[in-house]
Amino acid sequence: MSHFDIIVIGAGPGGYAAALLASQRRKTVALIERQHLGGTCLNWGCIPTKLYLGATAHLEGLHAQSRLRLCRGSVQMDMGALKKRKNAFVAATHKAMGCCLEKHGVALVQGQASLIDKNTVRVASDAEQTLSFTTLIIATGSSTNWFAGLEPDHARILDSTDLLDLDEAPASLAVIGAGAIGLEMAEFWNRMGTAIHVIEAAPRIAPAEDEEIAQTLSGMLKRKKWNIVTGKRVAGLVNEGESVLVRLEDGTQIRVEKALVAVGRKPNTPGLGLDNAGVAMTGAGWVTTDDFLRTTPNIYAIGDVNGRTLLAHAAEHQGRYAVLHALGETAAPYTPGPIPGCIYGSIEVMRAGHTAAELAAQGKTVTVSRASLGANPISQAHGQAQGLVKVAWVDGVVHGVTAVGHGASHLVTLAEIMVRDRWTAHTAHEHIFAHPTLDEALRDALIAPQEEK
Ligand code: FAD
């Protein structure tokens, strides 16, 4: 039986980052993966969605200019070629990641891992192996989830993975669940000519975001002729052969060519044998972790599987922390600071830190300030000058920055710095913001008068 200082299960962004860092610290490392290097992010998540959105961004840009009567005509995307490029890009990245692991001396073990006890893991593949470890990092991620009545049949009732594999645009698509995944998918297929229906049980789309930002987004999407239904649950989805019938709880029915179920994720913990090592889980199966991302003294759980933050950059950050903690390079609890997040598309949402409502719910006295993107020269130049930047303040210090509008995701890193470094309005006056940039809207929001939430 081979022994490793650190074994990582799952080669998504979290597990990959952890394995590389541990090998750079000259530890013996094995990385176990049952499918493809890159996990959800590279194969069925962040990367393919952004590749599709990036390839079609200019269509939206030209639309905006044609609304200003500055151009006319049409451009056709070749879906077959686009899918081929996406697959080739993903395959090339698999290869590059494999080379990088080899160069760093990480043993890549292909197969399904399950724990035998608190120091041993079995890997099921053509040739079963048993490996032992000093430290284990569980980075097995998450998978698409659904509720009763909404189960994907992978023919017409699809999950996000199926939708990324379509060969041609459906005439119409019902998106059940208006979080980032649902909205980004809807955006891409809408650019390809698909009519969009979004159905969200919460009172608004993008329910995790600031209410004003989400309402602004909704208004902008409705102007693109999206049918947005909020505050209503989908009772069932029926594949009727030629179409899908979407039945809402209030009796309303919508008929579409295809439906996407994007109602959340579930942890990849079944079959992992966690009980054998005393690893605790929540009722829904997320791995429970302490302040150091540990689940037992020598086992960490990082990334989606611990259910803290379902984002690739959070997984990576946690993966690196777990290695540093295991090697004694940090003894501090895991405190990530503001975690930036975006919804991508022609109209984007970004957020760093807390929303005003979240801060108020913590009992804080909150003020807000805003700047419209309408006056920003870069937004104007793109012919897409709607949207706003909004800042949430506590005691004169920035606690959250969020924005909605064209290109808003480009603001997210500076917004994260503003929150993390506890900017005040005075700090914004001290910095020179290049002109013309979208960043100027951040400054304008910071120096705008503050009002009660
Ligand atoms: P994963 O990436 O899920 O990787 C886990 C790996 O573990 C998988 O490769 C799996 O095969 C492997 N595994 C599981 N069980 C076992 C086992 N028993 N044995 C061996 N291997 C196992 N996040 C962003 O930050 N930005 C985005 O723009 C973004 N867009 C997204 C779009 C979509 C459509 C989706 C679905 C997700 C998106 N995400 C995005 C989320 C992001 O993909 C995840 O948060 C991220 O991939 C989580 O990383 P992870 O390392 O925790 O797990």
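Which hand does the crossing of helix 3 and helix 4 have? The crossing is right-handed, meaning that the near helix is turned clockwise from the far one by less than a right angle.

Before selecting anything, note that this is a predicted model in which local features need pLDDT of at least 70, side-chain atom pairs count only at pLDDT 80 or more, and totals for chains, interfaces and linings use all residues. Residues are numbered from 1 along each chain as its sequence is written, and side-chain values use heavy atoms, with hydrogens and water left out.

Select residues 46-67, which form helix 3; helices here are DSSP runs (H or I, at least four residues), numbered from the N terminus. Go to Thr56, where helix 3 bends by about 40°, the angle between axes fitted to the seven residues ending there and the seven starting there. Thr56 is also among the buried residues of helix 3, which include Leu53 and Leu59; buried means under 20% relative accessible area with a 1.4 Å probe, protein chains only.

Add helix 4 (79-103), part of what covers those buried residues. Tyr52 and Thr56 are among the helix 3 residues that meet helix 4, whose side includes Leu82 and Phe89; contact means heavy atoms within 4.5 Å.

Just past helix 3, select Arg69, whose phi is positive, near 60°.

Finish at Glu440 in helix 13 (residues 439-447). Glu440 counts as buried because its relative accessibility is 7%. Leaving aside residues up to four places away in sequence, Glu440 touches Asn376, Pro377, Phe433, Ala434 and His435.

Key
Helices (H or I, at least four residues) and strands (E, at least two) are DSSP runs, numbered from the N terminus. Buried means under 20% relative accessible area, exposed over 50%, partly exposed in between (1.4 Å probe, protein chains only). The expected span of a helix is 1.5 Å times one less than its number of residues.
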